[in-house]
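Good morning, and thank you for coming. I would like to take you through one protein structure, step by step. Please have the sequence and the 3D view open as I speak.

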Amino acid sequence: MSEGIAQPDQRVENEGGTRDLFSKFDDIIHTRETLLATGVEDPYNLVMEKVLSPTRAICNGRDTILLGTYNYMGMTFDPDVLDAGKQALADFGSGTTGSRVLNGTYQGHKECEDALKEFYNMDSAMVFSTGYQANLGIISTIAGKGDYVVLDIDSHASIYDGCAMGNAEIVPFRHNDIEAMEKRLRRIPEDAGKLVILEGVYSMLGDVAPLKEMVAIAKKYGAMVLVDEAHSMGFIGENGRGVCEEQGVIDDVDFIIGTFSKSVGTVGGFCVSNHPKFDIMRLVCRPYVFTASLPPSVVATAATSIRKLMHGSNKRAHLWENSKVLHKGLVDLGFEIGTDEPQSAIIAVIMPDLQRGAMMWEALLKEGLYVNLARPPATPANMTLLRCSLCAEHSAEEVQTILQMFDRAGKAVGILAS
């Protein structure tokens, strides 16, 4: 934690002198209490009483524009997607009550995996119950003790957790630094198992990885490559296959991980691959084997959404336009943005510190705009961010309204000059 808030070194003990297992969280508890004592609303306790569309909801009693949902392609209210879910719910019931390797594979799970294989033009696909589990399962299964995982230091928590579960040697390198990545690979024994893990779009700043150069270097040193395309699937690339497609390396990577909880508009995770032995993962991947499978209604909505995203070029073009307009508009207002140019549907607005970031978040909410307040340790370089994630369903008029809200809120809290 940073933000200039004093951190107490308190350790609560229970009767008998035993340490309270919650004492490790005292610093975070103190930071939260200090923040809420200023009178701001709790930014991590927002309630959506009713969702009206992919871009609007009633939040804490207010009619609110949604700019922090990762609903990039706006598929959550697509009529075909909803109809598929309703039909599957009626035909197959509310849940599977079993693992994929037991009674948990329904026709819908196979159809969803077929849709993924068609979408990516890959030989194999596995569907997991969450995107987090996809990373946890694939990474921990293929990279074990004695293997090396070379990863970007800004990698998602699920990637780090997958490495820890597999007990592989973690070798981090500076964010998006091609030379630093090669230095790490050069030091690893030539005959060791090596996995390079990258993300297409990094979720905090919305910046894109130089995959073309990085994948080439990984292959030079005999490493397998896994790319997490959670924040780029559906949107980036000619066919929406992500940064791998955009940079021409989709046939060179060994595994692509993704999620259904963003552009697809439901919940779940997946991995696609052309590796000839990939199907054995269904028997050896613990987070796949020992987890109940997704409900039939969920995989039906996912499969329908994925197939519609194959023909989403107009939506992708509109989302890119929204991103460019919002990025330029915020810069023109005087805000500091996480990237010099728009690189994805994520626009990160850098705040001076946590307290003023929370004040700005609250001011925007009172204006009728919801964004994400992101803080250390989840953010790089101890930054506090207001993270905006645009949707293909935001109208051009809504984007202009959003800019006006940022202008008024920024002036109200003193981040922009009046």
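Let me begin with a definition. A cavity is a set of grid points where a 1.4 Å probe fits but cannot get out, and its volume is the space filled by probe spheres set on those points. Rolling a probe the size of a water molecule over the atoms shows where empty space is left. Please keep in mind that the model before you is predicted.

With that in hand, how many cavities of 30 Å³ or more does the structure hold? There is one. The largest cavity has a volume of about 60 Å³. Its lining is made up of R100, V127, F128, S129, Q133, P287, Y288, T291, A292, S293 and L294. By class, six of the lining residues are nonpolar, four are polar and one is charged. Two elements, β4 (124-128) and α10 (286-289), each contribute at least two residues to this lining.

From the cavity I turn to the largest pocket. The space in the largest pocket comes to about 380 Å³. Its lining counts 18 residues, and D154, S155, M204, A378 and T379 are the ones that lie nearest its centre. Which classes do the lining residues of this pocket fall into? Nine are nonpolar, six are polar and three are charged.

Let us now step back to the whole protein. It has 14 helices and 15 strands. The radius of gyration is 22 Å, close to the 22 Å that the globule rule gives for 418 residues, so the protein is as compact as a globular protein of that length. Along the principal axes, the C-alpha atoms fill a box of roughly 60 × 55 × 50 Å.

Next come the sheets. One open sheet has seven strands in the order β4-β10-β9-β8-β7-β5-β6, and its pairing is mixed. At its edges stand β4 and β6 (169-173), each of which pairs on one side only. On average, neighbouring strands of this sheet are turned by 20° against each other, direction ignored. You have met β4 already, as one of the elements that supply the lining of the largest cavity.

Within this sheet, please look at strand β5 (residues 148-152), which pairs with β6 in the parallel sense over five bridges. Which residue in β6 is the bridge partner of V150? That partner is V171. Helix α5 (residues 157-166) packs on the sheet and touches β5, β6, β7 (194-199) and β8 (224-228). The direction of α5 makes about 170° with that of β5. Another helix, α6 (residues 178-187), lies across β5, β6 and β7 and runs at about 150° to β6.

There is also an open sheet of four strands, ordered β11-β12-β15-β14, with antiparallel pairing. Why is one side of β11 (336-337) and of β14 (372-374) left without a neighbour in the sheet? Both stand at the edges and each has a single partner strand, so one side of each has no neighbour there. Further in, strand β12 (residues 346-351) and strand β15 (residues 384-389) form an antiparallel pair over six bridges. In this pair, I350 stands opposite L385 in β15. Helix α13 (residues 354-367) lies across β12, β14 and β15, at about 30° to β15.

A further pair of strands deserves a moment. Strand β1 (residues 48-53) and strand β2 (residues 56-59) run antiparallel and are joined by four bridges. A hairpin of two residues links β1 to β2, and S53 stands opposite R56 in β2.

I shall finish with two details of the backbone. Most residues other than glycine have a negative phi, and most peptide bonds are trans. Where in the structure does one find a cis peptide bond? One joins P376 and P377, with omega at about 5°, and P377 is placed in the loop between β14 and β15. As for phi, Y70 has a positive value near 65° although Y70 is a residue other than glycine. Y70 sits in the loop between β3 (62-66) and α2 (79-92).

Thank you for your attention.

Notes:
Residues are numbered from 1 along each chain as its sequence is written. This is a predicted model: local features need pLDDT of at least 70, side-chain atom pairs count only at pLDDT 80 or more; totals for chains, interfaces and linings use all residues. Side-chain values use heavy atoms; hydrogens and water are left out. On a 1 Å grid over the protein atoms alone, a cavity is a set of points where a 1.4 Å probe fits but cannot get out, and a pocket is an open set with protein on both sides within 12 Å along at least five of seven lines; lining residues have an atom within 4 Å of a point. Ala, Val, Leu, Ile, Met, Phe, Trp, Tyr, Cys and Pro count as nonpolar, Asp, Glu, Lys and Arg as charged, and the others, Gly among them, as polar. Two strands pair if DSSP finds at least two bridges between them. Contact means heavy atoms within 4.5 Å. Axes are lines fitted to C-alpha atoms, for helices over the stretch in contact, and angles run from 0 to 180 degrees between N-to-C directions. The radius of gyration is taken over C-alpha atoms; the globule rule is 2.2 Å times the number of residues to the power 0.38.
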